[in-house]
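I set aside some time to go through this model chain by chain and to write down what I looked up. The entries follow in the order in which I made them.

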Amino acid sequence: MSAGSPQIASPAARLRAAQRLLSDNPAIALTFIFIALFVVTDIVNRAQSGKAFLTPTQVSTTFLYAAPLALLAAGQTLVMLTGGVDLSVATTATAGAFITSGTAQAQGTGTALLLALGLGFGIGLVNGIGVAIFRVNPLIMTLGISSVTLGALTIYSQKRFVALVPNIVNTLGSSRFLKYVPYDLLVWAPIAALIILGLRYSGFGRMIFAVGDNPVACRLAGVRVWQVLLLVYALSGAFSAVAGILLVGFNDAADLGIAAPFLLPSVAAVVIGGTSILGGSGGYGGTILGALILTVLDSLLTILNASQALKQILYGSIILALAWLYARTSSGD
Amino acid sequence: MTSSAALEARPRGGPSAGRLARRHGWTVGVYVLLLLLLLYWQTIPAHWGSFDVQLAIDALPLAFAAMAQSVVIISGGIDLSVGSLISLVNVVSAKYMIDMGFRNALLFGALLLLGSAAAGAFTGSLIVLTRVPDIVVTLAMLFVWAGLALEILQIPGGGAPAQYLQLGTGHWWSQWIPSGLVILLLAYAIFWLPLRWARPGLALYSIGSNRNAAYLSGVGVARTRIFAYALGGLFCGLAGLSLSATSGIGDPSAGQYYTLNSVAAAVLGGVLLIGGVGGLIGPIAAAFVVTLVKTILILKGVDQNWAQVIQGTLIIVVVMIGGLAIRQRRRT
Amino acid sequence: MSLLEAREVGKRYGPVVALESANLSVDAGEVHALLGANGAGKSTFVKILTGVIQRDGGSVELRGKPVRVSSPSQAARIGLAPVFQDPALVPDLTVAQNIRLTGLAVEEVRQRLRTMDIEIDFSEQAGDVPLPLLRMIDLARAMARDPQLLLLDEITAALPSDLAERVFTVMEDWRRRGRSVLFITHRLAEVIAMCDRATVLRDGRDVGTVIPREGGERQIVEHMLGPEAATAEAHAAEVDETAPVAVDAAPNVGAITVEVSDLRVGSLAGVSFSLRAGEILGIAALEGQGQDDLFAVLAGERRAEGGEINVAGKALRPRHPYDAIRSGLVLVPADRLLALLPQRSVRENIAAPRYNRIGRWGPINPREESRRVSTAIEALQIDTRAQGQVRRLSGGNQQKVTIARWLASGFQTLLCFDPTRGIDVGTKRQIYTLLRRLADDGAAILFFSSELSEFPLVCDRVLTLFGGRITDELAGEGADEASLLRAMHGLVEEVTA
């Protein structure tokens with residue numbers, strides 16, 4: 001007998017229920033937007049140069065380009081679910097790129113890749129130590145680490161410059177098989193599956209949401225919050241390193257600015273995907289769509305000859321508009 | 001009649017000295033650090049000369065940026081677009097001032113200050129109206145301002161009348177008083193000091209400390225938040241103008257440096273990221289500390305990149321220590 | 001003369017109706033109580049009246065003139081001054097600055113506090129001032145506005161008796177001067193003692209206005225619970241007056257589960273007692289006697305400074321709640337916000353403690369989880385109709401979820417710290433019954449409450465805490481308010497020869 005259970009009123013509420021369905025499952029709306037953007041780009045491209053955009057090649061290219069961004073956004077998603085943010089994903093990816101190309105000749109491809117992953121994991125671990133144990137604000141910690149990493153990489157890049165990118169990395173980063181399927185999907189898809197399933201069906205996934213929602217309650221329930229945070233940041237670093245490996249494969253050389261253009265888009269992809277920056281709700285599925293949308297958008301803007309400046313202004317406005325949309329539909333009060 | 005034990009107001013903070021130490025200890029600490037660094041700097045032979053205005057020159061924009069960020073953080077928010085707004089003001093001023101006389105340049109500068117305050121107010125309004133978290137909005141505005149800056153000036157260029165440059169790089173009355181420093185202190189005295197203890201300032205601190213309690217106390221929360229960002233925008237404008245004065249040109253990407261470092265300087269200066277705590281005096285000193293560390297390293301012949309690594313590491317370490325200090329506090 | 005007339009006030013959040021249609025009429029010079037179960041809409045109503053939120057429908061008239069209260073500052077201007085349960089003082093400003101923030105004169109407020117016999121250092125940071133005093137400052141602040149209507153939302157909750165007395169004096173004074181008070185509380189005794197009239201809300205509507213002194217507790221409870229439940233409740237209430245909820249005279253008490261020896265922490269100077277399986281042991285104490293430290297140490301939140309805790313014979317020195325939980329000691333805190341994940345579902349909340357260690361971070365066993373969660377939901381009769389996020393549940397249901405977590409994860413000893421704070425009567429009784437059942441099934445329960453009337457209803461034994469030590473032990477039935485209060489003040493009767 002509990003007094004005061006809220007009652008559902010009828011027709012206006014059914015509309016609101018639909019709205020809520022959309023906000024609880026943003027994937028539907030996002031898929032629409034993705035497809036719509038593709039169509040728009042197609043129209044514009046035909047108008048501009050007579051060529052179509054809605055072709056299998058272009059779709060495959062979009063996925064190819066989106067993979068590194070989506071991997072950077074993967075770590076970002078996990079971190080943002082816990083209520084933090086990781087602004088070091090780009091520099092960690094760059095570090096991964098440099099280690100891969102710098103040690104491949106001497107150590108062999110396998111070892112080089114392992115080193116890159118290890119380094120990424122390690123950088124993430126340092127972030128995690130700062131955030132979880134020293135309670136440093138994630139913004140500061142990750143920004144600081146990124147600046148330190150960049151400085152260290154600059155020194156490293158000046159000392160040795162063996163730009164050898166192993167063939168397999170090249171293939172992974174830039175080639176396709178069966179004519180249309182990018183190899184980097186072989187890397188991205190399993191990771192995406194792991195994350196999506198892990199978030200939903202593993203105890204760790206539950207803890208990620210819980211820590212983002214109410215870390216105090218977690219502690220009282222016996223959760224050692226620092227453990228969760230540590231692992232989340234470390235994973236973010238590892239995923240960023242993978243992104244870096246793909247990027248160096250695509251670029252065929254490591255470069256200090258190789259991942260820089262992806263930092264803010266990685267946050268944007270997560271925001272677009274519907275994960276709350278305050279933590280506690282969201283998921284990777286939306287982020288994937290966010291990454292795809294951003295990639296198509298970039299193509300569209302390039303076709304329109306939009307200046308770098310205009311692209312930036314647009315990015316900003318889009319992030320804002322979408323975030324506003326989510327805020328409206330989800331909070332409800 | 002029952003009574004409860006030990007409830008009649010016993011001031012918990014202990015004697016006044018203890019309380020004073022608790023409240024201002026950090027700021028004093030930063031100034032002591034600055035002093036130590038200055039003394040150390042003076043001992044390095046490479047730089048002999050008058051109170052090297054160079055330091056003030058390098059640190060000036062950062063000091064203003066730190067003030068801008070601090071105001072916003074104290075009010076419970078954060079502003080990732082600080083750097084871009086600074087770039088924008090820098091670029092606009094350099095592009096047009098190159099053709100102006102000193103007086104017009106000053107007027108133009110004042111106009112730009114109004115503009116940057118308006119820009120800040122715009123950001124604040126977006127945050128309030130859309131209810132989107134400030135990180136996301138200011139991140140978006142970072143893109144927007146940076147894009148605008150790029151549109152206005154694609155490559156570094158422009159300039160300003162000589163007297164204007166003097167404002168940033170010259171002296172006032174004596175070799176030992178850089179004019180930039182004077183302007184910094186004037187800005188502090190005009191734009192912050194009168195507010196800080198009056199109702200607008202209290203309102204600012206209150207929404208950072210506990211927004212709900214502030215609302216229930218009758219504070220106009222939306223208004224105050226917008227005001228915080230507007231004031232931050234104003235200081236960003238000063239930063240951009242001082243950047244033009246000290247560097248002599250406009251550079252669309254120059255502002256990037258200031259976003260992270262303004263937050264770092266604020267935190268180093270005793271402003272807690274949770275809001276409601278701190279002042280502007282600490283971050284000003286912290287800005288000089290941050291700049292000084294890099295200067296010292298370079299003067300000692302350290303490679304610029306190593307200098308950046310060391311500076312970054314130091315910032316992290318200090319902030320980690322600060323994090324431990326926060327855990328001692330009763331709240332959080 | 002009518003001061004405030006609220007007619008058919010409504011408020012909804014999307015499909016959730018917080019307030020359906022509420023009517024209220026407050027006269028000048030009266031103390032009017034607003035009662036109702038959690039989720040009935042009391043807080044929403046008060047927030048609407050004081051401009052914190054905006055109403056969707058209905059009308060509000062002040063002295064016959066319609067008003068729309070758009071913000072707290074406007075409410076203050078037209079003569080409505082609220083005092084909420086969480087004092088509206090900003091922790092990082094000093095008390096004086098907090099007062100200046102609202103545009104009031106510091107001296108005014110100081111005077112008001114003096115009339116309540118309270119002296120406070122105004123240069124103290126508000127965050128350092130203890131909660132009860134903050135409430136009094138908030139009250140003084142409200143009074144300094146000289147409002148027509150004081151709205152007090154659960155002001156006496158967790159307020160020590162002497163301060164509560166002063167609040168009552170203020171209310172009396174206000175009435176004498178022709179002003180009014182709207183008094184929201186769960187404590188029916190206070191309503192009967194202080195209030196001229198009482199309006200009861202249920203399910204978002206007002207269901208009746210009674211005169212407490214004539215109708216008494218029973219009528220009010222009737223209104224709150226509704227007609228069908230009323231007869232059952234009346235019957236239960238009658239039974240309750242003579243016997244505690246546990247009908248058995250001798251509880252099925254087993255081995256010692258927790259043995260506390262000479263525990264020293266915070267204000268505790270050396271506390272020793274033992275807790276057995278199958279029993280519900282009450283701790284009764286005045287504000288700030290160390291009961292929170294006691295529970296915090298047992299729950300693993302704080303470290304003891306001295307003494308020992310033994311669980312089933314083994315020493316326990318918890319450094320983190322996890323250690324305590326692993327030894328079977330689980331905590332139900334007073335503040336639900338400390339225990340719940342607001343955006344997550346009921347299921348996730350209940351299942352949360354199961355994954356609190358690395359070993360459990362692997363794949364979830366959905367069937368096992370479902371089974372445990374449903375069992376817990378059933379045992380507690382949690383109303384999960386407002387699905388989705390736990391933050392949309394009513395307070396009573398939320399509290400049930402906090403207890404359900406431990407039912408699903410398993411435990412040996414349940415530490416209940418004021419589990420029924422701010423909960424409606426119906427849910428309270430459900431919780432009592434549940435605790436009794438858990439104890440009968442072999443759990444050990446340590447129970448603290450700020451409402452003395454609960455102890456004889458729930459506990460087998462009661463220990464009183466004063467001056468950092470246990471002062472007395474009473475048997476459950478013998479723990480009437482008078483004896484408890486005496487012991488809680490350290491006035492233990494010497495056995496005279």
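**Helix contact in chain A**

I began with the side chains between two helices, where Met207(A), Ile208(A) and Val211(A) of helix 9 of chain A meet Val225(A), Val228(A), Leu229(A) and Val232(A) of helix 11 of chain A. I should record at once that this is a predicted model. Sorting the residues of this contact between helix 9 and helix 11 of chain A by character, I found seven nonpolar, no polar and no charged.

I then looked up the geometry of the pair: the axes of helix 9 (residues 203-213) and helix 11 (residues 225-251) of chain A come within 10 Å and cross at roughly 110°. Angles of 65 to 115 degrees count as roughly perpendicular, and therefore helix 9 of chain A is roughly perpendicular to helix 11 of chain A.

**Positive phi in chain A**

Next I turned to backbone angles, bearing in mind that most residues other than glycine have a negative phi. Lys179(A), although not a glycine, has a positive phi of about 70°, and I located Lys179(A) in the loop between strand 1 (176-177) and strand 2 (181-182) of chain A. Is Lys179(A) buried or exposed? Lys179(A) has 8 other C-beta atoms within 10 Å, and is therefore exposed.

Asn305(A) is likewise not a glycine and has a positive phi, here of about 60°. I placed Asn305(A) in the loop that lies between helix 13 (284-303) and helix 14 (308-331) of chain A. Asn305(A) counts as exposed because it has 8 C-beta neighbours inside 10 Å.

**Domains of chain C**

Moving to chain C, I noted that its domain assignment gives domain 1 (2-240) and domain 2 (256-488). The C-alpha centres of domain 1 and domain 2 of chain C lie 30 Å apart.

**Strand 8 of chain C**

I looked up how far strand 8 (residues 180-184) of chain C is covered, and found that five of its five residues are buried. Ser180(C), Leu182(C) and Ile184(C) point one way from strand 8 of chain C, while Val181(C) and Phe183(C) point the other way.

Which strands pair with strand 8 of chain C? Strand 3 (residues 31-36) of chain C pairs with strand 8 of chain C in the parallel sense over four bridges, and Val31(C) has Val181(C) as its bridge partner in strand 8 of chain C. Strand 7 (residues 149-153) of chain C also pairs with strand 8 of chain C in the parallel sense, over five bridges, and there I found Leu152(C) opposite Phe183(C) of strand 8 of chain C.

**The six-stranded sheet of chain C**

My last entries concern an open sheet of chain C, in which six strands follow the order 16-17-18-13-19-20 with mixed pairing. Its edge strands are strand 16 (329-332) and strand 20 (469-475) of chain C, each of which pairs on one side only. On average, and with direction ignored, neighbouring strands of this sheet are turned by 20° against each other.

Helix 17 (residues 481-488) of chain C packs on the sheet, where I found it touching strand 13 (280-285), strand 19 (461-466) and strand 20 of chain C. The direction of helix 17 of chain C makes about 35° with that of strand 19 of chain C.

At one edge I checked the pairing of strand 16 of chain C with strand 17 (residues 413-417) of chain C, which is in the parallel sense over four bridges. For Val332(C), I noted Cys416(C) as the bridge partner in strand 17 of chain C.

How values were computed: Residues are numbered from 1 along each chain as its sequence is written. Chains are lettered from A and ligands numbered from 1 in the order in which they are written. This is a predicted model: local features need pLDDT of at least 70, side-chain atom pairs count only at pLDDT 80 or more; totals for chains, interfaces and linings use all residues. Two strands pair if DSSP finds at least two bridges between them. Axes are lines fitted to C-alpha atoms, for helices over the stretch in contact, and angles run from 0 to 180 degrees between N-to-C directions. Two residues are in contact if their C-beta atoms, placed from the backbone, lie within 7 Å. Domain bounds come from an automatic or database domain assignment. Angles under 35 degrees count as roughly parallel, over 145 as roughly antiparallel, 65 to 115 as roughly perpendicular and the rest as oblique. Ala, Val, Leu, Ile, Met, Phe, Trp, Tyr, Cys and Pro count as nonpolar, Asp, Glu, Lys and Arg as charged, and the others, Gly among them, as polar. A residue is buried if 20 or more other C-beta atoms lie within 10 Å of its own, exposed if 12 or fewer, and partly exposed in between; C-beta atoms are placed from the backbone.
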